[in-house]
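Please explain this structure to me in plain terms, starting with the annotated sites and going on to how the helices pack.

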Amino acid sequence: MRKKIVAGNWKMNKTADEGLALVSEVVNMVSAEVTAPVTVVVCPPALYLTTFKSYLTGDKLALGAQNCHEKAAGAYTGEISAPMLKSVGVQYVILGHSERRQYFGETNAQLAEKVNIALENGLIPIFCCGESREMRETGDYVGFVKNQLTESLFHLSAEQMANVVIAYEPIWAIGTGLTASSAQAQDMHFALRQHLAGQFGDEVAQNTSILYGGSANAQNAQELFGQPDVDGGLIGGASLKSRDFLTVVKAA
Ligand SMILES: O=C(CO)COP(=O)(O)O
């Protein structure tokens, strides 16, 4: 059975005090209110990972980073490596978020290297994919997203792929309030699972968690997560308010 996962991507938000208050609230609420088998991953700014590790314990809560470098160490000023993340107890790492692709020029080939180094260091990549609004309106958007998987993941063995989580995040839905309809999400998730099955076999495809991201919130999460191929979410804005985030978690 594939895992249900709800990950909160805080992006570049919250000062240290604000972050501590939020993570404490989330931990308390998850402990008190979440009985379903869902893994809650908190992905704060890297600066807070070490401090947050002691809060995110037990089998329901996990710590995630928002990025890592593709090399293990070296002269890369300002960067953070997968071995460093592992050494402070990080379990998941978001890779290939559309904001990193857009603002930092990350390519599918570079992301293939990031996926490799994450897996070599025992981190679970949350590999992001998704099309722009223009692509959705005029192009072969399913082919485009499938190709993101092909170029960054299809060099892996089936065994390695079993340790990867996918997040479908249509760019037009991120931070815009324009959520994909549950049918649009389901259609893409189904297509991606088929694509995975073609390369890695049915068992791996069926066991891969495919999360939805893009204006998912307390109001629409139930409907989105109710789709057969939607296994949870990667949540931006709604992860910054504990009560909203918990409502999303409970919908998984
Ligand atoms: O980019 C996202 C999560 O990684 C989604 O962000 P929003 O939930 O704010 O649209």
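**Sites and helix packing**

Histidine 97 sits in the loop that runs between β4 (92-95) and α4 (98-104). The model in which we find this residue is a predicted one. His97 is listed by UniProt, in an unreviewed entry, under "active site", and Glu169 is listed with it. These two residues span 73 residues in sequence, yet their C-alpha atoms are no more than 8.3 Å apart, so they gather at one spot.

A second record concerns binding. Under "binding site", again in an unreviewed entry, UniProt places Asn9, Trp10, Lys11, Gly175, Ser215, Gly236 and Gly237. These positions are spread over 229 residues of sequence, but they cluster in space, with a largest C-alpha distance of 13.9 Å. One of them, glycine 175, lies in the loop between β6 (165-168) and α9 (182-200).

The ligand can now be added to the picture. Which residues come nearest to the ligand? Of the 14 residues around the ligand, the nearest are Asn9, Ile174, Gly213, Gly236 and Gly237. Asn9, Gly236 and Gly237 are also among the positions that UniProt gives for the "binding site". Sorted by class, the shell around the ligand holds 5 nonpolar, 8 polar and 1 charged residues.

Next come the helices, beginning with α5 and α7. Helix α5 covers residues 108-120 and helix α7 covers residues 141-153; they pack at an angle of about 50°, and their axes are 7 Å apart. That angle makes α5 oblique to α7. The crossing in which α5 passes α7 is right-handed. On the α5 side the contact involves Asn108, Ala109, Leu111, Ala112 and Val115, and these meet Gln148, Glu151, Ser152 and Leu153 of α7. The residues of this contact divide into 5 nonpolar, 3 polar and 1 charged.

Helix α7 also packs with α9. The axes of α7 and α9 come within 10 Å and cross at roughly 45°. This makes α7 oblique to α9. Here too, the crossing is right-handed. In this contact, α7 contributes Val142, Val145, Lys146 and Leu149, while α9 contributes Met188, Ala191, Leu192 and His195. By class, the contact of α7 with α9 has 6 nonpolar, 1 polar and 1 charged residues.

The last pair is α1 and α12. Helix α1 (residues 16-33) and helix α12 (residues 242-251) have axes that come within 9 Å and cross at roughly 35°. What is the handedness of the crossing of α1 and α12? It is right-handed. From α1, the residues in the contact are Leu22, Glu25, Val26, Met29, Val30 and Glu33, and from α12 they are Ser242, Phe245, Leu246 and Val249. The contact of α1 with α12 has 7 nonpolar, 1 polar and 2 charged residues.

Terms used. Residues numbered from 1 in each chain as written. Predicted model: local features only at pLDDT ≥ 70, side-chain atom pairs only at ≥ 80, totals over all residues. Axes fitted to C-alpha atoms, helices over the stretch in contact; angles between N-to-C directions. Helix = DSSP H or I, 4+ residues; strand = E, 2+ residues; numbered from the N terminus. Parallel < 35°, antiparallel > 145°, perpendicular 65-115°, else oblique. Left-handed = near helix turned anticlockwise from the far one by under 90°. Contact = placed C-beta atoms within 7 Å. Nonpolar A, V, L, I, M, F, W, Y, C, P; charged D, E, K, R; others polar. Near = placed C-beta within 6 Å. UniProt positions renumbered as here; feature names shortened; annotations may be inferred.
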